[in-house]
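Grab a pencil and work through these exercises with the model on your screen. Try each task yourself before you read the solution.

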Amino acid sequence: MIKSTMYIATAILALGFGSANAQTFNFESKNDTRVVVGGIGPDGGSYVGSYVTGSGVSTNADGSKLKSISKCVSMMQPPNANIFAVHVACDVTREATVYTVAAGCNFMNKEKTETSCVGGLKGKAGELKGRTGSITWHTKGGISKGTGQWHE
């Protein structure tokens, strides 16, 4: 059984964006209270998913700061998934802009309270519509810190 709730993915909520050019960013975000939904996995152990909202701030390469909110879901993968222990999907909103994140994460400790993740970004509405990007982040204690880039 997982001793603590899954600390996965509101990291993406703090993602920033710039003009029509490629834009790199760093971010820090904090999860709200996570809701865990559990079950029994194929190996008889815990097999859980969760959903969470959160908020954060990103700092773009040009020094601008952006605030965002997100809604994320995550789901542990069976042991034979091999690449990622958890898959994550999020919708992120900033003013009139919406984008989504699809990522994979692995636990970094035995207690499964610390993760490192990598994923892709896709703009859904507003200035980012149709744009893509890449992201990596680390989450521990409900605080996520990472970096990313919006592609041209």
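Before we start, one definition: strands are DSSP runs of E with at least two residues, numbered from the N terminus, and two strands count as paired if DSSP finds at least two bridges between them. Keep in mind that this is a predicted model.

**Exercise 1. Follow the strand pairing from β4 to β8.**

Task: Find out how many bridges join β4 to β5, and then carry on strand by strand up to β8.

Solution:
- Step 1. Start with β4 and β5: they run antiparallel and are joined by eight bridges. Here C72 has C90 of β5 as its bridge partner.
- Step 2. Move on to β5 and β6, which are also antiparallel, with nine bridges. A89 stands opposite A102 in β6.
- Step 3. Next come β6 and β7, an antiparallel pair with ten bridges. C105 is matched with C117 in β7.
- Step 4. Finish with β7 and β8, antiparallel over nine bridges. G120 has S134 of β8 as its bridge partner.

**Exercise 2. Look at the hairpin turns.**

Task: Which residue takes a positive phi in the hairpin of β5 and β6? Do the hunt again for the hairpin of β6 and β7 and for the one formed by β7 and β8.

Solution:
- Step 1. Between β5 and β6 there are two residues, and E95 takes a positive phi near 50° in this hairpin.
- Step 2. The hairpin of β6 and β7 has six residues between its strands, and here the residue to spot is K112, with phi near 60°. K112 has this positive phi although it is not a glycine.
- Step 3. Check where K112 sits: it is in the loop between β6 (97-107) and β7 (114-125). With a relative accessible area of 29%, K112 is partly exposed, because that class runs from 20% to 50%.
- Step 4. In the hairpin of β7 and β8, six residues lie between the strands, and G126 in the turn has a positive phi of about 75°.

**Exercise 3. Track down the disulfides.**

Task: How many disulfides does the structure hold, and which cysteines does each one join?

Solution:
- Step 1. Count them: there are two.
- Step 2. One disulfide joins C72 to C90, with an S to S distance of 2.0 Å. This pair links distant parts of the chain, as C72 is in strand β4 and C90 in strand β5, 18 residues apart. Both C72 and C90 are buried.
- Step 3. Now the handedness: the torsion about the S-S bond of C72 and C90 is about 115°, so this disulfide is right-handed.
- Step 4. Another disulfide joins C105 to C117, again with S to S at 2.0 Å. C105 belongs to β6 and C117 to β7, so the bond ties together parts that are twelve residues apart in sequence.
- Step 5. The torsion about the S-S bond of C105 and C117 is about 110°, so this one is right-handed too. C105 is buried at 0% relative accessibility, and C117 is buried at 5%.
- Step 6. Number the bonded cysteines in sequence order and you get the pairing 1-2, 3-4.

**Exercise 4. Sort the two faces of β5.**

Task: Which residues of β5 are on the covered face, and which are on the uncovered one?

Solution:
- Step 1. Here's the background: in a regular strand, side chains alternate between the two faces of the sheet.
- Step 2. On the covered face of β5 you find V86, V88, C90, V92 and R94, while H87, A89, D91 and T93 are on the uncovered face.
- Step 3. Pick D91 for a closer look: K124 forms a salt bridge with D91, and their closest N and O atoms are 3.1 Å apart. K124 lies in β7 and D91 in β5, so the salt bridge ties together parts 33 residues apart in sequence.
- Step 4. Both ends are partly exposed: K124 has a relative accessible area of 41%, and D91 has 33%.

**Exercise 5. Dig into the core.**

Task: Which residues touch the most other members of the largest nonpolar core?

Solution:
- Step 1. This core has 21 residues, and V101 and W137 touch the most other members.
- Step 2. The elements giving two or more residues to the core are β1 (23-31), β4 (65-76), β5 (86-94), β6, β7 and β8 (132-140).
- Step 3. β6 gives the most, with five residues.

Conventions:
Residues are numbered from 1 along each chain as its sequence is written. This is a predicted model: local features need pLDDT of at least 70, side-chain atom pairs count only at pLDDT 80 or more; totals for chains, interfaces and linings use all residues. Side-chain values use heavy atoms; hydrogens and water are left out. Helices (H or I, at least four residues) and strands (E, at least two) are DSSP runs, numbered from the N terminus. Buried means under 20% relative accessible area, exposed over 50%, partly exposed in between (1.4 Å probe, protein chains only). A nonpolar core is a set of buried Ala, Val, Leu, Ile, Met, Phe, Trp, Tyr and Cys residues joined through side-chain atoms within 4.5 Å. A disulfide is a pair of cysteine sulfur atoms within 2.5 Å. A salt bridge is a side-chain nitrogen of Lys or Arg within 4 Å of a carboxyl oxygen of Asp or Glu.
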